[in-house]
There are 2 protein chains.
Amino acid sequence: MDDAEGLAAWAALLADRSRAAMCLALLDNRAWTVGELARHAGVAMPTASEHADRLVNGGLAAEHRQGRHRYLSLAGPEVAALLESVSSQVAPGHAPLRSMAAAHRMRNLAAARTCYDHLAGTLGVAVADALAATGAIDRRSGLTLTGEGRALLGNVGIELATTTRRPLLRDCLDWTERRPHLGGVLGAAICRHAFDAGWIGRIGTGRAVRVTPAGADAFADQLGVVVPSTPDTPGAIYAARGAPRVINA
Amino acid sequence: MDDAEGLAAWAALLADRSRAAMCLALLDNRAWTVGELARHAGVAMPTASEHADRLVNGGLAAEHRQGRHRYLSLAGPEVAALLESVSSQVAPGHAPLRSMAAAHRMRNLAAARTCYDHLAGTLGVAVADALAATGAIDRRSGLTLTGEGRALLGNVGIELATTTRRPLLRDCLDWTERRPHLGGVLGAAICRHAFDAGWIGRIGTGRAVRVTPAGADAFADQLGVVVPSTPDTPGAIYAARGAPRVINA
DNA sequence: CCGACAGTTCGGCCCGCACCGAACATCCGC
DNA sequence: GCGGATGTTCGGTGCGGGCCGAACTGTCGG
């Protein structure tokens, strides 16, 4: 009975359009200031400030005050995973797109994006499929990283952190593809390496990413991934939105 | 931006104490009538009826009308999994127990219970640990059912459905133990077999289960599980609550 | 020291919605 | 067909909370 109280309180944090928008924005694993979140959600700053209080007090977000800025980020990978799960669950009935720009953004998001700290969209699913096809991961009984997979990643230069209690790899239901992509330590390591090696880069300021020409070759040669074509988008479209800044070293 | 709308709408379904209580009740994978849910949540029937409408329209619950009864159940395993995930996330800060009876119920729930259609609590975690210890499942790289595991289950007489798209096995973070127990097809098969073979039985009308004496031997001999002691509880404690009925064949 | 900027606090408005009682609609058992 | 039980519909009430503008605090830059 008192569990219900806690569950309801937790859900209430997401049960508001503005807070939901803020949480989804934070899913890009970067820290946003209150002002940026306010612009993103389309509310005044006092309102966003109150929402920020509730998200932090409710344990959904962490704050990081620095000078006159107050940065918000998600409280942790568990929160991100949960938000993604809920999003995928909700996704089926999504509203029709109203403008060319929105459709363009949607195409970019669907093609390749980050999901907290790993790859998602057509690209993310393609990576998961390629690793399964080459035997780097095995889905016949559960989900496991094979010895060949470890060797492959070692050759590519992807290190897997072993000191964390986080699952090594886990399926994350893709929001647009409705099929699983890879999360966990493995998913994060691949994504990080793809950024570091210049295989991918952000489109504008959102979660969408673009595969670079060199990246397309690298994905194909080193991971056996057939990279889907990326529509790309002039960054100007995003210019109206507040730009989140990265603070973590 | 319109994702936020959907996410908020979904969360709003759970963002009410009464609806949350109803959903948690439905987690026992049985069908409850509106009246039972009303008593369980402590609200009048008209209120519960409206809540039922919203849960069904929102896709969280399915309804099944039969005569003058209207049975509610969770919409599916995905919904159950999501609810369990959220519950585990929320659990850490749980309120202190106010009565002896509540403490008793809590002990029973913590010892052994069902989580939708698989085993949870100390028992559920013990099963997962035992399968890992005997090499039936492998956690070194992801989570897989080994050949030995398949053989073991075959000997015990547990059949694994292969026609479903549901994951064969997956970790489900335990609400009380804060460690994973087994869900998915495997978790459901083990739980079903434990009921069918008389290894476990329900305590009262809730989610709590008790390991029978024969069951304790069977768990130990056939699955290598050291069964934790079950406090057991006189069913009378539960008598005040409305009793859910099982309708599925 | 002073403007500009980021964020917070406060007061007030208003909408949504959870809740109930009463009346109504169904269905069951006798 | 007649109670009695299960649910639903309909008004009405009250509370919570989302929102904003205005005033205030604190920080950075010069």
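**View 1. Strands 2 and 3 of chain A, side by side.** Six is the number to look for here: strand 2 and strand 3 of chain A are joined by 6 bridges and pair in the antiparallel sense. This is a predicted model, so everything in these views is read from predicted coordinates. At one point along the pair, A:Gln66 sits opposite A:His69, which belongs to strand 3 of chain A. The two strands make a hairpin with 2 residues between them, and A:Gly67 takes a positive phi near 60 degrees there.

**View 2. The whole three-stranded sheet of chain A.** Pull back a little from the hairpin and strand 1 joins the picture: the 3 strands form an open sheet in the order 1-3-2, with antiparallel pairing. Strand 1 (32-33) and strand 2 (61-66) of chain A are the edge strands, each pairing on one side only. Strand 1 meets strand 3 (residues 69-74) of chain A over 2 bridges, again in the antiparallel sense. For a landmark, pick A:Trp32, whose bridge partner in strand 3 of chain A is A:Leu72.

**View 3. Helix 4 of chain A over the sheet.** What lies across strand 2 and strand 3 of chain A? That's helix 4 (residues 45-57) of chain A, running at about 45 degrees to strand 3 of chain A. For a sense of the rest of the chain, chain A has 10 helices and 11 strands. Of its 249 residues, 50% count as buried. Among contacts in chain A between residues at least 6 apart in sequence, 59% join residues at least 24 apart.

**View 4. The matching close-up in chain B.** Chain B also has an open sheet of 3 strands, in the order 1-3-2 and with antiparallel pairing. Its edge strands are strand 1 (32-33) and strand 2 (61-66) of chain B, each paired on one side only. Strand 2 of chain B runs antiparallel to strand 3 (residues 69-74) of chain B, with 6 bridges joining them. A handy pair to find is B:Glu63 and its bridge partner B:Leu72, which is in strand 3 of chain B.

**View 5. The protein surface around DNA strand C.** There are 23 residues around DNA strand C, and those that come nearest are A:Ser49, A:Arg70, B:Ser18, B:His51 and B:Arg54. Sugar and phosphate make up 75% of the atoms of DNA strand C that come within 4 Å of the protein. Both protein chains take part: helix 3 (34-41), helix 4 and strand 3 of chain A, along with helix 2 (17-26) and helix 4 (45-57) of chain B, each supply at least two residues of this surface. Helix 4 of chain B has the largest share, with 5 residues. Sorted by class, the surface near DNA strand C has 6 nonpolar, 8 polar and 9 charged residues.

**View 6. Arginines reaching DNA strand C.** Zoom in on three arginine side chains, starting with A:Arg70, where a side-chain N or O atom is 2.5 Å from a phosphate oxygen of DNA strand C. From chain B, B:Arg19 has a polar side-chain atom 3.1 Å from a phosphate oxygen of DNA strand C. With B:Arg68, the partner is a base oxygen of DNA strand C, 3.3 Å from an N or O atom in the side chain.

**View 7. The protein surface around DNA strand D.** Now for the other DNA strand: 23 residues surround DNA strand D, and the closest are A:Ala44, A:His51, A:Arg54, B:Ser49 and B:Arg70. Sugar or phosphate accounts for 76% of the atoms of DNA strand D within 4 Å of the protein, and bases for the rest. Which element gives the most to this surface? Helix 4 of chain A does, with 5 residues. By class, the surface near DNA strand D has 6 nonpolar, 8 polar and 9 charged residues.

**View 8. Side chains up against DNA strand D.** In chain A, a side-chain N or O atom of A:His51 is 2.5 Å from a phosphate oxygen of DNA strand D. A:Arg68 goes for a base instead: an N or O atom in its side chain is 3.2 Å from a base oxygen of DNA strand D. Over in chain B, a polar side-chain atom of B:Arg70 lies 2.7 Å from a phosphate oxygen of DNA strand D. Stepping back, the elements that give two or more residues to the surface near DNA strand D are helix 2 (17-26) and helix 4 of chain A, plus helix 3 (34-41), helix 4 and strand 3 of chain B.

Definitions and conventions:
Residues are numbered from 1 along each chain as its sequence is written. Chains are lettered from A and ligands numbered from 1 in the order in which they are written. This is a predicted model: local features need pLDDT of at least 70, side-chain atom pairs count only at pLDDT 80 or more; totals for chains, interfaces and linings use all residues. Side-chain values use heavy atoms; hydrogens and water are left out. Two strands pair if DSSP finds at least two bridges between them. Helices (H or I, at least four residues) and strands (E, at least two) are DSSP runs, numbered from the N terminus. Contact means heavy atoms within 4.5 Å. Axes are lines fitted to C-alpha atoms, for helices over the stretch in contact, and angles run from 0 to 180 degrees between N-to-C directions. A residue is near a molecule or strand if one of its heavy atoms lies within 4 Å of it. A polar contact is a pair of N or O atoms within 3.5 Å; within protein, one must be able to donate a hydrogen and the other to accept it, and residues adjacent in sequence count only if both atoms are side-chain atoms. Ala, Val, Leu, Ile, Met, Phe, Trp, Tyr, Cys and Pro count as nonpolar, Asp, Glu, Lys and Arg as charged, and the others, Gly among them, as polar. Buried means under 20% relative accessible area, exposed over 50%, partly exposed in between (1.4 Å probe, protein chains only).
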